[in-house]
Amino acid sequence: MANYTNHAKAQELWKTLYLCAKESKTRRFHALYDKIYRPDILWESWQRVKRKRGSGGVDYQTLEDIASYSKKRFLNEIYLELKESRYHPRPVLRTYIPKDDGKKRPLGIPTIKDRIVQMATKLVIEPIFEADFKDCSYGFRPKRNEHQAIAKIRKESKKSYLNVMDSI
């Protein structure tokens, strides 16, 4: 029950922030930090990080370690660090992923704690930015990807438009 309640509360905050931002293009949000360490936001962040099943960062702490330690205690520690302004992100673990051409691509792996804080931050600021995006925007948006953008370009190109713009 607590899981559903936390999810519903987090969704309600997302909706409220989105509607406030959508209502006024000139609206400024001055006090968001306290939303990042709300218990429901931290719980939702934990759920999303856990679903992605990533490996540990420089501390080598795994999702299983946290589960056996106590998710509730772990999230409470993050809550207190954020609330008391004691939180400091750790360095990322650098690893290299092989590419098709034989070269290697660098990859930075944050600690799970840092990923939870990053996700909490995303959950709080994303609806504010989403309110300003146009429907034709696809880059780095939830539930949108490059395949959808290409499909939209193909569909629109059949309407005899002369230009396609890429704002990279």
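At what angle do the axes of α3 and helix α5 cross? Roughly 125 degrees, and the two axes come within 10 Å. Helices here are DSSP runs of H or I with at least four residues, numbered from the N terminus. Axes are lines fitted to C-alpha atoms over the stretch in contact, and angles run from 0 to 180 degrees between N-to-C directions.

Before the rest, a word on the model. It is predicted, so local features need pLDDT of at least 70 and side-chain atom pairs count only at pLDDT 80 or more, while totals for chains, interfaces and linings use all residues. Residues are numbered from 1 along each chain as its sequence is written, and side-chain values use heavy atoms, with hydrogens and water left out.

Back to α3 and helix α5, residues 71-83. The pair is therefore oblique; that word covers whatever is left once angles under 35 degrees are called roughly parallel, over 145 roughly antiparallel and 65 to 115 roughly perpendicular. Their crossing is right-handed, meaning that the near helix is turned clockwise from the far one by less than a right angle. On the α3 side the contact uses Pro39, Leu42, Trp43 and Trp46, and on the α5 side Lys71, Leu75, Ile78, Tyr79 and Leu82. Contact means heavy atoms within 4.5 Å. Eight of these residues are nonpolar, none is polar and one is charged. For the classes, Ala, Val, Leu, Ile, Met, Phe, Trp, Tyr, Cys and Pro count as nonpolar, Asp, Glu, Lys and Arg as charged, and the others, Gly among them, as polar.

Next, α3 against α6. Their axes are 8 Å apart and the angle is about 120 degrees, so this pair is oblique too. The crossing is again right-handed. From α3 come Ile41, Leu42, Glu44, Ser45, Trp46, Arg48, Val49 and Lys52, and they meet Ile112, Arg115, Ile116, Met119, Ala120, Lys122, Leu123 and Val124 of α6. That contact has ten nonpolar, one polar and five charged residues.

The third pair is α5 with α6, packed at about 65 degrees with axes 11 Å apart. α5 also passes α6 in a right-handed crossing. Phe74, Leu75, Ile78, Glu81 and Leu82 of α5 touch Lys113, Ile116 and Val117 of α6. By class that is six nonpolar, no polar and two charged.

Now the empty space. How many cavities of 30 Å³ or more does the structure hold? One, with a volume of about 40 Å³. On a 1 Å grid over the protein atoms alone, a cavity is a set of points where a 1.4 Å probe fits but cannot get out, a pocket is an open set with protein on both sides within 12 Å along at least five of seven lines, and lining residues have an atom within 4 Å of a point. Grid points are joined across faces, edges and corners, and volume is the space filled by probe spheres set on them. Ala10, Gln11, Trp14, Ile41, Glu44, Arg48 and Leu123 line the cavity, with α1 and α3 each giving two or more residues. The lining has four nonpolar, one polar and two charged residues.

Last, the second largest pocket, at about 440 Å³. It has 17 lining residues, and Arg48, Lys122, Leu123, Glu126 and Pro142 are the closest to its centre. α1 (2-23), α3 (39-52) and α6 (112-130) each supply at least two residues, and α6 gives the most, with seven. Ten lining residues are charged, five nonpolar and two polar.
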